[in-house]
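User: Hi, I have a structure to get through today. Can you walk me through it in plain words?
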Amino acid sequence: MARREYVSRHGNLPIDQNLVVTSLTLRLGLFSGVDKGLLKRAFQVALHDFHCYWPSTPETQQAECDGVYFSPTTQLIIEQVSASIYCRECGSHYPVSQQSFQRHYLSCPNNHRHITQLISGDEMLLINMQMHPESASTCISEAFKNNNTQEGNSHV
Ligand SMILES: [Zn+2]
């Protein structure tokens with residue numbers, strides 16, 4: 001999918017070129033239910049495992065990832081955004097901060113009633129992915145180098 005997206009924006013990508021992802025940007029709403037610190041930690045673990053344990057041969061590598069790789073130093077950038085509600089009585093939108101939520105839940109700050117609707121703040125969206133083409137042979141040899149040198153090096 002990332003490969004198709006890249007081709008649609010930048011034109012053709014030769015078959016011997018892989019795409020290397022260098023950064024991901026996520027937008028995390030105040031009420032997404034996702035902890036930023038835990039997500040960053042989980043991402044580091046997944047990235048480590050990607051380079052240590054997967055895939056085992058150039059053939060399976062090519063088949064399974066569609067020529068898209070994560071750089072060992074891929075950045076996970078998280079933008080945390082506040083929430084907003086719509087009050088059906090006032091017909092207005094209002095921002096909701098962590099503090100106001102703890103005090104008044106999702107009630108309208110104007111009439112203090114709960115005839116409101118959460119408009120934003122529960123999202124977790126991938127909003128940007130940076131990647132560049134790289135020769136397929138480079139990617140595979142890099143992955144193997146990592147695979148061999150980091151073997152048995154556990155993250156837990
Ligand atoms: Zn209101």
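User: Let's start small. How do strand 3 and strand 4 pair?
Analyst: Strand 3 (residues 83–87) and strand 4 pair in the antiparallel sense, over five bridges. Two strands count as paired if DSSP finds at least two bridges between them. Strands here are DSSP runs of E with at least two residues, helices are runs of H or I with at least four, and both are numbered from the N terminus.

User: Which residue is the bridge partner of S84 in strand 4?
Analyst: That is P95.

User: Where did this model come from, and how is it numbered?
Analyst: It is a predicted model: local features need pLDDT of at least 70, side-chain atom pairs count only at pLDDT 80 or more, and totals for chains, interfaces and linings use all residues. Residues are numbered from 1 along each chain as its sequence is written.

User: Back to those strands. What sheet are they in?
Analyst: An open sheet of three strands, in the order 4-3-5, with antiparallel pairing. Strand 4 (92–96) and strand 5 stand at the edges. Each has a single partner strand, so one side of each is left without a neighbour in the sheet. The twist averages 35° from one strand to the next. Angles run from 0 to 180 degrees between N-to-C directions, with axes as lines fitted to C-alpha atoms, for helices over the stretch in contact.

User: What about the sheet with strand 1?
Analyst: That open sheet has three strands in the order 2-1-6, and its pairing is mixed. Strand 2 (68–81) and strand 6 (124–135) are at the edges. Each has a single partner, so one side of each lacks a neighbour in the sheet. Here the twist averages 15° from one strand to the next.

User: How many bridges join strand 1 to strand 2?
Analyst: 10 bridges, and the two strands run parallel. Strand 1 covers residues 17–29. R27 stands opposite E79 in strand 2.

User: Which helix lies across them?
Analyst: Helix 2 (residues 36–53) lies across strand 1 and strand 2. Its angle to strand 2 is about 175°.

User: Zoom out. How many helices and strands are there in the protein?
Analyst: Five helices and six strands. From the N terminus on, the order is α-β-α-α-β-β-β-α-β-β-α.

User: And how much is buried?
Analyst: Of the 156 residues, 11% count as buried. Buried means 20 or more other C-beta atoms within 10 Å of the residue's own; exposed means 12 or fewer, and partly exposed is in between, with C-beta atoms placed from the backbone. Helix 1 (residues 2–10) is hardly covered: zero of its nine residues are buried.

User: What follows helix 1?
Analyst: G11, whose phi is positive, near 90°.

User: Which residues other than glycine have a positive phi?
Analyst: Y105 is one of them, with phi near 55°. H112 is another, at about 60°. Most residues other than glycine have a negative phi. Y105 lies in the loop between helix 4 (98–104) and strand 5 (116–120). H112 is found in the loop between helix 4 and strand 5 too.

User: Is H112 buried or exposed?
Analyst: H112 counts as exposed, with 8 C-beta neighbours inside 10 Å. Y105 is exposed as well, with 11 other C-beta atoms within 10 Å.

User: Last one. What does L126 touch?
Analyst: L24 and L26, not counting residues up to four places away in sequence. Contact means C-beta atoms, placed from the backbone, within 7 Å. L126 sits in strand 6.

Methods. Two residues are in contact if their C-beta atoms, placed from the backbone, lie within 7 Å.
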